[in-house]
Amino acid sequence: MSDILNQLGQIIDQRKQADADSSYVASLHKKGLNKILEKVGEEAFETVLAAKDAFSSGNKKEVIYETADLWFHCLVMLSHLDIKPEEILNELARREGVSGHAEKASRTK
């Protein structure tokens, strides 16, 4: 899974400087962080709604689709902030085997 996230991250970084008329990713970067964050929020909301529907209907197709959109837009956000997917994967690996309560308590406020 890390391979596909890293590959997609590289593609998004490459398209960052592309012509905004020919690349959706470039158009988001050109519009700036606020537009990218708006898309992340929109996709997060759609994912939540799809998950609620999947819970009651048992049909998981839409939650999978919306989660893919959310992850994609999160990768665009990370790219805009010059953060590589590998950095997020490393943080998740660091947390592996650590209780969620313990990890949260270890954070500095």
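1. Let me start inside helix 3: E43 touches E66, D69, L70 and H73, leaving aside residues up to four places away in sequence; contact here means heavy atoms within 4.5 Å. E43 is found in helix 3 and is buried, with a relative accessible area of 4%. For the wording, buried means under 20% relative accessible area, exposed over 50%, and partly exposed in between, with a 1.4 Å probe and protein chains only.

2. A word on the model before going further. This is a predicted model, in which local features need pLDDT of at least 70, side-chain atom pairs count only at pLDDT 80 or more, and totals for chains, interfaces and linings use all residues. Residues are numbered from 1 along each chain as its sequence is written, and side-chain values use heavy atoms, with hydrogens and water left out.

3. On confidence, the mean pLDDT of the protein chain is 93, and 96% of its residues reach 70 or more; pLDDT is the predictor's confidence in each residue, from 0 to 100. Among the elements, helix 4 has the highest mean pLDDT, at 98, and helix 6 (residues 100-106) the lowest, at 73. I would keep that value for helix 6 in view when reading the model.

4. Now the overall layout. The protein chain has 6 helices and 0 strands, and its pattern along the sequence reads α-α-α-α-α-α. Helices (H or I, at least four residues) and strands (E, at least two) are DSSP runs, numbered from the N terminus. The C-alpha trace spans about 45 × 40 × 30 Å along its principal axes. Of the 109 residues, 27% count as buried. Among contacts with a separation of 6 or more, 57% are between residues 24 or more positions apart.

5. Back to the partners of E43, one of which is H73. H73 lies in helix 4 and is buried, with a relative accessible area of 6%. Not counting residues up to four places away in sequence, H73 touches Y24, L28, I36, K39, V40 and E43. If you are viewing the model, this is a good place to pause: helix 2 covers residues 24-31 and helix 3 covers residues 33-57.

6. T47 is also found in helix 3, and at 12% relative accessibility T47 counts as buried. T47 touches V63, E66, T67 and L70, again without residues up to four places away in sequence. Helix 4 spans 61-80. The C-alpha atoms of T47 and I64 are separated by 8.3 Å, with their positions 17 residues apart along the chain.

7. Helix 1 (residues 2-15) deserves its own point. Its end C-alpha atoms are 20 Å apart, which agrees with the 20 Å that its 14 residues should span at 1.5 Å a residue; the expected span is 1.5 Å times one less than the number of residues. L5, G9 and I12 are buried in helix 1. They cover an arc of only 65° around the axis, which puts them on the same side of helix 1; the arc is that of the directions from the helix axis to the C-beta atoms. What covers the buried residues of helix 1 includes helix 2, helix 4 and helix 5 (85-95). The face turned away from the buried side carries the exposed residues D3, I4 and Q14.

8. Please look at D82 as well. D82 is found in the loop between helix 4 and helix 5, and it has a positive phi of about 55° although it is not a glycine. D82 is exposed, with a relative accessible area of 58%.

9. Finally, the largest pocket holds about 280 Å³ of space. It is lined by 11 residues, of which L5, W71, L75, I88 and L92 lie nearest its centre. Helix 4 and helix 5 are the elements that give two or more residues to the lining, and helix 4 gives the most, with 5 residues. On a 1 Å grid over the protein atoms alone, a pocket is an open set of points where a 1.4 Å probe fits, with protein on both sides within 12 Å along at least five of seven lines; lining residues have an atom within 4 Å of a point. The volume is the space filled by probe spheres set on the points, which are joined across faces, edges and corners.

10. One lining residue merits a closer look. L92 is found in helix 5 and is exposed, with a relative accessible area of 52%. The C-alpha atoms of L92 and A51, 41 residues apart along the chain, are separated by 23 Å.
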